[in-house]
Amino acid sequence: MTTTATPEPSPVIGPGYNYGSITDKISLIVLTGNTPLSWFAGFAVSFAMLQLLQLAVVWTLLFGVGTWGINIPVGWGFAIVNFVWWIGIGHAGTLISAILLLFRQQWRTSINRFAEAMTLFAVSCAGLFPLIHMGRPWFGYWLFPIPNTMGIWPQFRSPLVWDVFAVSTYATVSLLFWYVGLIPDLGTLRDRARHRLTKIAYAMLALGWRGSARHWHRYETAYLLLAGLATPLVISVHSVVSFDFAAGIIPGWHTTIFPPYFVAGAIYSGFAMVLTLMIPLRWLYRLEDFITTRHLRYMANVMLATGLIVGYGYVMEAFTVWYSGNPYESYMLLNRLTGPYAPAYWALLLCNLVIPQLLWSDRVKACVPLLFGISLVVNVGMWLERFIIVITSLHRDFLPSSWGMYSPTWVDWGLYIGTLGLFLTLLFLFIRVLPMISIFEMRTLVPTAPAPAPAPQPTPAAGD
Amino acid sequence: MSNGSDTAHESLHPNRLGQWRSLDELAGTPEFEALLQREFPERAAEWLDPVGRRAFLQLMGASLALAGLTSCSSPPSHTIVPYAKAPEDLVPGKPLFYATAFAQGGIGTGLLVESHMGRPTKIEGNPQHPASLGATDAFAQASILSLYDPDRSQTVTNGGQITTWKAFVAALTSRLAGSSGAGLCILTETVTSPTLAWQIRQLMAKYPQATWVQYDAISRDAVRQGSRLAFGEVINTVYRVERAEVVVTLGAEFLAAGPGHVRYARDFFARRRVEAAPLNRLYAVDSTPTLTGAMADHRVTVRQQDMEAIAWAFAGALGVPEAAAISASMPQAAWVAAAARDLKAHQGASLVVPGDEQPPIVHALAHAINRALGNVGQTVIYTDPIEADPADQMASLTALVANMRAGQVQTLLILGSNPVYTAPADLRFAEALDKVPFRVHLSLEADETSARCQWHLPEAHYLEAWGDVRAYDGTTTIQQPLIAPLYDGHSAHELLAVLQGDGPQDGYDIMRAYWQTRLSGEFERAWRTALHDGVVGGTALPPKTPGWKPSFAPAAQPAQVFEIIFRPDPTIWDGRFANNGWLQELPKPLTKLTWDNAALFSPATAERLGLQNEDVIELALGGHSVQAPVWILPGHPPDSVTVHLGYGRTRAGRAGSGIGFNAYLLRKSTALWSAGGVEIKKTGRALQLASTQHHQTMQGRNPVRVGTVEELKKDPHVIAEMGEAPAKDETLYPPVTNEGYRWGMAIDLGACLGCGACVAACQAENNSPVVGKEQVLLGREMHWIRVDRYYAGGPDAPETLHQPLLCQQCENAPCEPVCPVGATVHSQEGLNDMVYNRCVGTRYCSNNCPYKVRHFNFLQYSSDQPTLRLLNNPNVTVRSRGVMEKCTYCVQRINAARIRSKEDGQPIKDGEVVTACQGACPSQAIAFGNLNDPVSKVSKWQASARNYGLLAELNTRPRTTYLARLRNPNPELEKA
């Protein structure tokens, strides 16, 4: 790999591929009988973490949210931190699929399927929290406008109701978008599957896809429409999530900068998570030819840009505090810088603002392990950011008499680690049963010139 | 025993024929055990195992209690008289009020007790009673919880075995038959009850050699001794605080504890309202921080050992002849001189109040000073003592212990008190008690003393029994029961009647027998009037002019030593309320601690000793030592440590056992309130203390606005200008008008003592749960009203500011728009209503509440315990897990008033709706009413120049506003 900046961008697909070899390579990951041991190991760990989630959720439902560390004044704790973090992670998928599609960024092709799946799983994790964080989760449906005889109707001025709509719309559109994008590949898998049951399963999922020109036409239209629908959602979801805070009057929440700042933060963390997951996967499944250093570099660039926007948000928050002269706001900032949670704030600045500046260097962007490290740092940093926003704003607000502290319990940690387990479990299942890279879209990347030779890498052992 | 000729001892053995005629005959026999094993085979193993057997007895007690509960909804069997406007019949939802009285240290406060369908549910003050005038303190409020305490003693036990009153009576009568009372001793707490005293005197006549000892752990011996030093006799002092323009306290907590404090607080703060009258001025000399001192315009703190010198200095400066030779040389000399000049300038309208815990000489000097100032007959009224026998309690207890140890006490009846726990450690009371062959203990709980006595008798709670009690001025109340005893309890009156040999008598008959000849006018009518009013007319003691027979002189001052100060606990008193969850969880007014006591140090001393909050230290004194956690208390005098009595109980019940440390172990009979020479050792351990407030300063935000009288006179806007409130028309929305009623509240911070009576009253009225220390540590206490305490100024002599904080019922409530299900909404009358049924528990409302006055049921806090359910106010929903709750302005009371007004066709009058906090407040610091009525009290208060809205700059438009605290400093001291 070259590290020098070349006028001609490095390719988005390795040399020497033709239609057949692309299809073989991607579909055989799914249709193989020899699942790699590393998959089993990863799945086992993830599944164990998922059991922790189960325990923590049952515990919460049995005894109440009092098993968490929340209190008065800190009424929201890890649950909301995790909710916002997961929703943010989900953002990269839609951004990559929809916005980059509309901008005709071809390089998105090899990562969009995976990023969309990640979105779905992240939203599933996120969606769990608003439900179980309620004092009486069995009445969670009262937040939906369901006609009923009880006189219950949502109170539409509450940002939490907007949240319900924003997140559920987002989850629905993301699911549709992802599934529609999968249909041609499901057809491919149906055609190539050997086992009868596998064939039937993929056939049902493929919805009768035969690859006719009419099918392709309708597919392209639907996909483009969905992309158009999903694009505003990228902006709206996290803007609405940020309203949960911005509509409050608590110093540290009551900020007009929150919507753009949250969206940038979401994309930032989303891309970081894509990198965190992609880098080990491309190494494990030897997908370096499909997910090239050019992809990694582009994603690093997006991270750098959104990271700078987030940094700008931090600076403007401080500036507004100073400029407004509001004593409560000033204290809020002072408390973040020097209060009991100051280590978290300084760690956040280090993770989100300082370390990502390494990405200015092309050498750093070309060093895959380093990039992986930075992506992890950004994930941690973005989680800390939500922690700072939720906890430090609440724990010391207006009246010193009501100030308190928050510390998570084992149930809080269990839920957090457990949702990581849920996310990874779903992801492992996904890469095992569905093509993690869009086969038919990858085929469009093959240079139109006839391929000189078959792909150089050894074909995996023929599956059944 | 049905056969009176059998002795008690015989009854413990099986009948020759193996038959049994009564349960008590059977109790404790092998046959009974065999029967139990047959009846409860699955418990057979437990019966043999000592621990399991205890558990079994508890279970059995509980089931007996449940059996007892079936009868508890019936009213007492004798006619008692409802207070006023009795509905024709018992109407569900319509409470009845009965007058009775609550006694603490033997001294009564008149009450009206609310009863729903025969269950007492809430305590209010009796407006006709001079010690109450409608208000109460936190103890009285919470005493109703003790009635329903599931850990209350429920059965007579003998040697730990359940038995019956009959068996006890048989045992006792056989023991005393033909005796002249030699070796018989009755140990009571301070007795002011005329009937009990009459009964005891009768008993003394029957058993001339018997002795009667009174002992209260929080004794007023020093007061009585001081009176003897000054007058040669015991005199009761009543203050007319409302007449005093200048008040000096010498270590006195007279506004928050002690006889008449509820009344004194009301009278004192009536003179603290600049709108009504010129302000009085309070100088406080504190030997440990007091709530009274916290209200002072000028306060100095000295160690208790220096209090005498201060008192002499005052006496010298005010021309007391005995102090002619005194020249003050202590560091506070200038302060004392200035205060003394102020006193002198207000002769006849000034008042010097010594603290009950101060040494006798301070009391004697206070008498001398008040005499020199011409205050006697003006602000100080002397009467005969209210105690039936104003004996020196500690001396008589010491003598009793000596007799017990010498084997001269054969039969000891302990009525109500818990001396095994409360007696000073040097008496070694428990050890001496074991030498008494026949020991009987009558008490509400099976406590430490019960455990050392063969016989334990369950006592009837004061709401279950007839009795009488005198108030601080002698006014007598006949206490009527609100409910038949829940368990097998009897009162001390009934026990003494048995002792007298009159056979079992009912408390009602005893009361009537005593009062038959003592009520003026036709008896039945007078009796009904006395019960109805809650006071027996004309029983207040007449003023008297005792002869001045001083027998005190200046003594050499002892060397300065590090001092330990003992005080009753501000919420659980001498330990009797240890199992009362409301009082345990009521934050102690100054420290804001719950569920624990602590060793209190001044910041400077703590720093010098290298101590931090929650460090566990060992306090050693006179061969005894306890381990106590440290709490640093600004304003504490240096080089001393204050410990509160009442904790470290071992047999208080599930709530009160095993928490805190027992300070009685350090207390000596010769030094009840302070002692020198305490040794402090660090242990290196720490104990988490559950404080409800973690930040003590206002951070420059001034939630409590403070001004001086002069400042307000100069500029009436001075208070308003301390913050900014947006104008009401700065909005795009149409103004909201509340036609009809517009409820509002105003709280006078100048009158808030911080005592916590409002918190206890709110908890009782609104079925607020007790959550326990663990949950308080997590910040989840459920009090709808809290009293914030801030310090201003330096840590050694800070100004202490109190601010009750409850839902501000904002007109622009930040909680309302954020609720996703509309569970908190505005009512037509401007209340911020909480709809529990609709709440799903997102807690967004609480996050968005700038006052943090919302409380969340993080776990299932409300109790399912059967007796505690009887306590619930039926007009207030009991909240379940996962629901937000908060102050409602006692909406159930508003609605009750509305129903009445609709029936009458009259609008609700001002003062007709009294919130629970308002009603309990001794200093009348809360006004509540209709803001649409321009002449209502609350409208007038809100029109005051002192009025301001807390955090009004957020445009929340709080309906609850505060009146700034005003100081009335002495210009001479203010300059310095």
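User: Before we look at the sheet in chain B, what makes two strands count as a pair?

Analyst: Two strands pair if DSSP finds at least two bridges between them. Keep in mind that we are looking at a predicted model.

User: How do you know that β29 and β36 of chain B are paired?

Analyst: Count the bridges: 5 of them join β29 (residues 743-748) to β36 in chain B. The pairing rule asks for at least two, so β29(B) and β36(B) qualify, and they run antiparallel. One bridge to look for links W743(B) with N930(B), which lies in β36(B).

User: Why is the sheet with β36 and β37 of chain B said to have edges?

Analyst: Follow the order of its 4 strands in chain B, which is β36-β29-β38-β37. This is an open sheet with mixed pairing. β36 (926-930) and β37 (947-948) of chain B each have a single partner strand, so one side of each has no neighbour in the sheet. That is why they are called edge strands.

User: What makes P150(B) buried, exposed or partly exposed?

Analyst: Here the count decides. P150(B) has 16 C-beta neighbours inside 10 Å. Buried needs 20 or more and exposed needs 12 or fewer, so P150(B) is partly exposed. You can find P150(B) in the loop between α6 (138-148) and β4 (156-158) of chain B. Setting aside neighbours within four places in sequence, P150(B) is in contact with Q865(B), T867(B) and L868(B).

User: How do you know that the length of helix α2 of chain A agrees with what is expected?

Analyst: Helix α2(A) covers residues 37-63, which is 27 residues. At 1.5 Å a residue, the expected span is 39 Å, and the end C-alpha atoms are 39 Å apart, so the two agree. Just after α2(A) comes G64(A), with a positive phi of about 105°.

User: Which residues of α2(A) are buried, and what covers them?

Analyst: The buried residues in α2(A) are M49(A), L50(A), L52(A), L53(A), A56(A) and T60(A). Their cover includes α4 (109-132) and α14 (410-433) of chain A.

User: How many residues of chain A are in contact with chain B, and which helix gives the most?

Analyst: There are 39 residues of chain A in contact with 45 residues of chain B. On chain A's side, α5 (159-192) and α10 (327-338) each supply at least two residues, and α5(A) gives the most, with 3 residues. By class, that side has 24 nonpolar, 12 polar and 3 charged residues.

Methods: Residues numbered from 1 in each chain as written. Chains lettered and ligands numbered in written order. Predicted model: local features only at pLDDT ≥ 70, side-chain atom pairs only at ≥ 80, totals over all residues. Contact = placed C-beta atoms within 7 Å. Nonpolar A, V, L, I, M, F, W, Y, C, P; charged D, E, K, R; others polar. Expected span 1.5 Å × (residues − 1).
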